[in-house]
Amino acid sequence: MKHGSQCPKCGSDRIWAIDKLARPVPGSLRDAEVIHVMAVRVERPPTALDRIVGNESPAELRIVGVFEARICAECGYTEWYANEVNDGLLELSQMEGTGVRLLSTASRGGPFR
Ligand SMILES: [Zn+2]
C-alpha cells in the first residue's frame with residue numbers, strides 16, 4: 001500500500017496516507033507530538049557547565065525517525081513505515097545498552113526467520 005493503491009486485505013482503493021504519525025502530548029488537550037521510532041537516553045562527556053552544577057552523569061536524548069502510515073478506508077487495515085532511521089539507528093547500534101542491532105541475512109546465508 002505504500003506505493004500501491006489497493007488494500008491487500010479487501011482490495012479497496014480508498015487508502016488514507018498519513019506522512020507523520022502524531023499523538024496528543026500527555027496532559028494536553030491542545031498539543032500533539034510526532035511519534036518517533038525510537039528515543040533513548042545516551043551518556044555524553046561532561047561539559048564545563050556539568051562540572052559547575054555537579055551533573056555527574058550527563059546524558060542526552062537521541063531521537064530517531066518518524067512513522068508514516070497507510071490505512072484502508074474500508075477495512076482499517078494499516079501499514080506502518082519507519083522513515084529517516086538508518087543513520088540514527090546505525091549510530092545507536094554502535095553504542096552499548098541501546099538495544100539496537102541490525103539483523104541481516106546477507107552475512108549468514110539466510111533467509112532465516
Ligand atoms: Zn481494506
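I call a residue exposed if 12 or fewer other C-beta atoms lie within 10 Å of its own, and buried if 20 or more do. I need that cut-off for the first entry, and I keep in mind that this is a predicted model.

**Glutamate 84**

I looked up where glutamate 84 sits, and found it in the loop between strand 6 and helix 2. Buried or exposed? I get 12 other C-beta atoms within 10 Å, so glutamate 84 is exposed; the cut-off for that label is 12 or fewer. Then I checked the backbone: phi of glutamate 84 is near 60°, a positive value in a residue other than glycine. I flagged that because most residues other than glycine have a negative phi.

**Tryptophan 80**

Next I went back along the chain to tryptophan 80, which is in strand 6, residues 78-83. Its count is 13 other C-beta atoms within 10 Å, so I noted tryptophan 80 as partly exposed. Which residues does tryptophan 80 touch, leaving out those up to four places away in sequence? I find Phe67 and Ala69. For phenylalanine 67 I also pulled the C-alpha distance: 6.5 Å to tryptophan 80, with their positions 13 residues apart along the chain.

**Glutamate 96**

I moved on to glutamate 96, in the segment after helix 2 (86-93). I count 7 other C-beta atoms within 10 Å, so glutamate 96 goes down as exposed. I also looked at its separation from valine 42: the two are 54 residues apart in sequence, yet 9.2 Å apart in space, C-alpha to C-alpha.

**Whole chain**

How many helices and strands are there? I have two helices and six strands. Reading from the N terminus, I wrote the order as β-β-β-β-α-β-β-α. The radius of gyration is 20 Å, well over the 13 Å that the globule rule gives for 113 residues, so I have the protein down as more spread out than a compact globule. For the extents, I get about 60 × 50 × 20 Å for the C-alpha trace along its principal axes.

I then checked burial over the chain: 3% of the 113 residues count as buried. Last, I looked at contact range. Taking contacts between residues at least 6 apart in sequence, I find that 49% join residues at least 24 apart.

Notes: Residues are numbered from 1 along each chain as its sequence is written. This is a predicted model: local features need pLDDT of at least 70, side-chain atom pairs count only at pLDDT 80 or more; totals for chains, interfaces and linings use all residues. Helices (H or I, at least four residues) and strands (E, at least two) are DSSP runs, numbered from the N terminus. The radius of gyration is taken over C-alpha atoms; the globule rule is 2.2 Å times the number of residues to the power 0.38. Two residues are in contact if their C-beta atoms, placed from the backbone, lie within 7 Å.
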